[in-house]
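Work through the exercises below with the sequence and the model open. Each task is followed by a solution in steps.

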Amino acid sequence: MRKNISLFGLKTKPFSLDCCLSEELLNVLLKWGLKRGETCLVFPKDDTSIKQLHKIRDLVTGERNIRLNGSNTTEMSGSSRRVTDMQPVAHRPSRTLDSNQDPTAQPAVMTFESIFLKTLQSNFLHVMVYENPSLQKKALACIPIQELSRNAHEKLIQARKMDRGHALNEQDILLLELLNWFKCDFFQWVNNLPCSKCGGQTESKENLSPSEDDLRWDASRVENHFCNHCQFSNRFPRYNNPEKLLETRRGRCGEWSNCFTLFCRAVGFEARYIWDATDHVWTEVYSSSQQRWLHCDPCENVCDKPLLYEMGWGKKLSYIIAFSKDEVVDVTWRYSCKHEDLLPRRTQVKEAVLRETINNLNKVRQQSLTEGRRRELLERIIVELVEFISPKTPKPGELGGRVSGSVAWRVARGEIALEVFNASIGDHFRILSLWSSCSLLTLGPQSREI
Ligand SMILES: [Zn+2]
């Protein structure tokens, strides 16, 4: 028998946080069969039907839509603009997007909306690469898994001594170990390659043509890192095939999160590839002990600091979408505590079109899942949706600037910290203490603020 799942996460030490649930929503949730726990709402496992769960999901979605109203019912000026000369937003714009779609039938002029929707399809297809068993095996062989597991085991014992009440498990700590190893020992950041002929500094010049081998590994873009000293063009293909990345072990955030998400799947974590429309990508991992998705940025070696980008890097976020073998989820709201500022920036696609597209993609992908698995995903999405309409406050570690990349690159992207904060890497105990204190929403005074 499975235990009840708490709607708001763990039941350990909830600190007082105004609950975002309106009284109406709370009442209806209770009416639909959720029960009041000591500190949170719980799903009663045995008597809530899938149909009821669907209704709860629609209800929470409805509540969110009410909160989004005003910005998503009107057509955005940017959504139908022509973008003949625009840089595509997709990381893999040339990927075959939809097997049912005739590529020759694409309109000559693409809109922001069509480019955006193609990016969703492309990423949703791409994550299936991580499910290839032989690729997972190859990836696992690169990871010193025994050493990482042993470290995780020892650190868990220490953590338990420090805080007997916490509910972390070995998987949680293993994830931190994996992040740390990946950043410190496995993968390398590339700004400009040193010249392979003379070792001199290089600078970026116009891209080069991909070779057949580049295209085989899904690198349609080949950067030219030109050496002014010896006039040599150093090629830097931007590989999208994670199998190739096991060998090259370098790149920028695209390569980092692509390879790291594969590693997460290889060690058995449930993982999502996260695409941020303002040009960043990272990973989310589902924590079974905490019953929620954890933000993991391998470039930064940080875990569970979702407000890092908005608060630390000063990013003007718009859309952040999660992709896994099972689902696509608009997770933007996890990464923002300024929903009202963010909403007007969501101009690339009408909200209704985005919702419908995501629903359709999920419907197709989830057809082959068992009823038990569909139910599990449904419960998780309800938890997420409630989190998304909940107000958030930044934690100390989320105010830090970007760690990866040169200062020039960070300044160019406007990602130097707004507030100076020493975001020390690999500070597991700080992360642990955040984990044990950041928990949960309690049933408190209602507020409709977002
Ligand atoms: Zn050179």
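Helices here are DSSP runs of H or I with at least four residues, and strands are runs of E with at least two, numbered from the N terminus. The model is predicted.

**Exercise 1. Place P133 and state whether it is buried or exposed.**

Step 1. P133 belongs to helix α4, which covers residues 133–140.

Step 2. Exposed means over 50% relative accessible area. P133 has 64%, so it is exposed.

Step 3. Along the chain, 132 residues separate P133 from R265, while their C-alpha atoms are 9.9 Å apart in space.

Step 4. For the protein as a whole, count contacts with a separation of 6 or more: residues 24 or more positions apart account for 71% of them. The protein has 15 helices and 14 strands, and buried residues make up 54% of its 450 residues.

**Exercise 2. Describe the zinc site: which atoms are the donors, and what is the geometry?**

Step 1. Four sulfur atoms bind the ion as protein donors: SG of C195, C198, C227 and C230, lying 2.3 Å from the zinc ion.

Step 2. Along the chain these donors follow the spacing C-x2-C-x28-C-x2-C.

Step 3. Four donors count as tetrahedral if all angles lie between 85 and 135 degrees. The angles among the four donor atoms here are 101 to 117°, and the site is tetrahedral. For reference, the ideal angle for four tetrahedral donors is 109.5 degrees.

Step 4. Compare two of the donors by accessibility. C227 has a relative accessible area of 0% and is therefore buried. C230 has 29%, so it is partly exposed.

**Exercise 3. Work out the strand order of the sheet that contains β6, and explain why β5 and β7 each have one side without a neighbour.**

Step 1. The sheet is open, has three strands in the order β5-β6-β7, and is paired antiparallel.

Step 2. β5 (202–208) and β7 (233–237) are the edge strands; each has a single partner strand, so one side of each has no neighbour in the sheet.

Step 3. From one strand to the next, the twist averages 30°.

Step 4. β6 spans residues 222–227 and is joined to β7 by five bridges. One bridge pairs E223 with F236 of β7.

Step 5. Now take N224, which lies in strand β6. Its relative accessible area is 7%, so N224 is buried. The N224 side chain makes a polar contact of 3.2 Å with the side chain of S233. Leaving aside residues up to four places away in sequence, N224 touches E203, S204, K205, E206, N207, L208, S233 and N234.

**Exercise 4. Trace the sheet that contains β13, and say where the side chains of β13 point.**

Step 1. This open sheet of six strands has the order β12-β11-β10-β9-β13-β14, with antiparallel pairing. β12 (302–303) and β14 are its edge strands, each pairing on one side only.

Step 2. Helix α3 (residues 112–126) packs on the sheet and touches β9, β13 and β14; its direction makes about 160° with that of β9.

Step 3. On one side of β13, four bridges join it to β9 (residues 271–276), and D276 has I320 as its bridge partner.

Step 4. β13 is also joined to β14 (residues 328–330) by three bridges. Among the partners in β14, D330 faces I321 and V328 faces F323. β13 and β14 form a hairpin, with four residues between them.

Step 5. In a regular strand, side chains alternate between the two faces of the sheet. In β13 (residues 320–323), I320 and A322 point one way and I321 and F323 the other; all are buried.

**Exercise 5. Show why helix α6 is described as largely enclosed.**

Step 1. α6 runs over residues 170–186, and 12 of its 17 residues are buried, so the rest of the structure largely encloses it.

Step 2. The buried residues include hydrophobic ones such as I173, L174, W181 and F182, as well as D172, E177 and K183.

Step 3. α6 lies across β10 (280–287), β11 (292–297) and β12, at about 15° to β11.

Step 4. At the N-terminal end, N169 caps α6, with a side-chain oxygen 3.1 Å from the backbone nitrogen of Q171.

Note on methods:
Residues are numbered from 1 along each chain as its sequence is written. This is a predicted model: local features need pLDDT of at least 70, side-chain atom pairs count only at pLDDT 80 or more; totals for chains, interfaces and linings use all residues. Side-chain values use heavy atoms; hydrogens and water are left out. Two strands pair if DSSP finds at least two bridges between them. Axes are lines fitted to C-alpha atoms, for helices over the stretch in contact, and angles run from 0 to 180 degrees between N-to-C directions. Donors are N, O and S atoms within 2.8 Å of the metal (3.2 Å for Na, K and Ca); water is not among the atoms, so sites may look incomplete. Four donors count as tetrahedral if all angles lie between 85 and 135 degrees; four count as square planar and six as octahedral if opposite donors are over 155 degrees apart and all others between 65 and 115; anything else is irregular. Buried means under 20% relative accessible area, exposed over 50%, partly exposed in between (1.4 Å probe, protein chains only). A polar contact is a pair of N or O atoms within 3.5 Å; within protein, one must be able to donate a hydrogen and the other to accept it, and residues adjacent in sequence count only if both atoms are side-chain atoms. Contact means heavy atoms within 4.5 Å.
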